[in-house]
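Please find below some notes on strand pairing and nonpolar packing, set out as numbered points.

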Amino acid sequence: MTAQVAAGDGWRVSIATLDRDAPFSRFDGHDRTLVLLDGAITLVGIGWSQALAAGDSIAFPGDEAITATVAVPAHALNVMSRHDRWTHAVRRVAAPRVLEPGEIALVLGGDVRVDGERAARLDAVIGPARIAGSGQLLAIRFAAQKR
């Protein structure tokens, strides 16, 4: 099961629940970054495999055939962008933080507040926004490819 967090023309951010072994959907022409939020999985591609624990991330092409083997049920942040139109970056940052227009932050934990309201774990904030408090976030930024 996948819940969309945000999407635009040629990019998408979602959170997937991984509770059984299964192939990943292919997204031809896209670059993907997966950040494991909890649990433990192994990704298997042609000629490679990578074990991931909570907090680990991996980038890979969306047109590659990949299967997830689930050791412990997990949630994963998926960031995808069309490689001919966008680049993306995902990094762990701390609150407080000012989000630029279009920047997205996913709350990982701690005392995080947006506009005076407490944000819960896995809440998404889309900039422009001021994030107050002290907590951990995943910051996601998309940039248009130069043509």
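1. Leu99 has Ala129 in S13 as its bridge partner, and this belongs to the antiparallel pairing in which three bridges join strand S9 (residues 97-99) to S13. Strands here are DSSP runs of E of at least two residues, numbered from the N terminus, and two of them pair if DSSP finds at least two bridges between them.

2. The model is predicted, with local features requiring pLDDT of at least 70 and side-chain atom pairs counting only at pLDDT 80 or more, while totals for chains, interfaces and linings use all residues. Residues are numbered from 1 along each chain as its sequence is written, and side-chain values use heavy atoms, with hydrogens and water left out.

3. Strand S13 (residues 129-144) also runs antiparallel to strand S8 (residues 86-94), to which nine bridges join it, and Thr87 stands opposite Ala143 of S13. With strand S10 (residues 104-114), S13 pairs in the antiparallel sense over 10 bridges, Val114 having Ile131 as its bridge partner in S13.

4. The largest nonpolar core (buried Ala, Val, Leu, Ile, Met, Phe, Trp, Tyr and Cys residues joined through side-chain atoms within 4.5 Å; buried means under 20% relative accessible area with a 1.4 Å probe, protein chains only) has 15 residues, of which Leu18, Phe24, Leu34, Ile41, Leu43, Leu52 and Phe60 touch the most other members. Strands S2 (11-18), S4 (30-45), S6 (57-61) and S7 (67-82) each give two or more residues to this core. Another core, of 14 residues, lies apart from it and includes Trp11, Val79, Leu106 and Leu108.

5. Phe60 touches Phe24, Asp31, Arg32, Leu34, Leu43 and Ile66, leaving aside residues up to four places away in sequence, where contact means heavy atoms within 4.5 Å.

Conventions
Buried means under 20% relative accessible area, exposed over 50%, partly exposed in between (1.4 Å probe, protein chains only). Helices (H or I, at least four residues) and strands (E, at least two) are DSSP runs, numbered from the N terminus.
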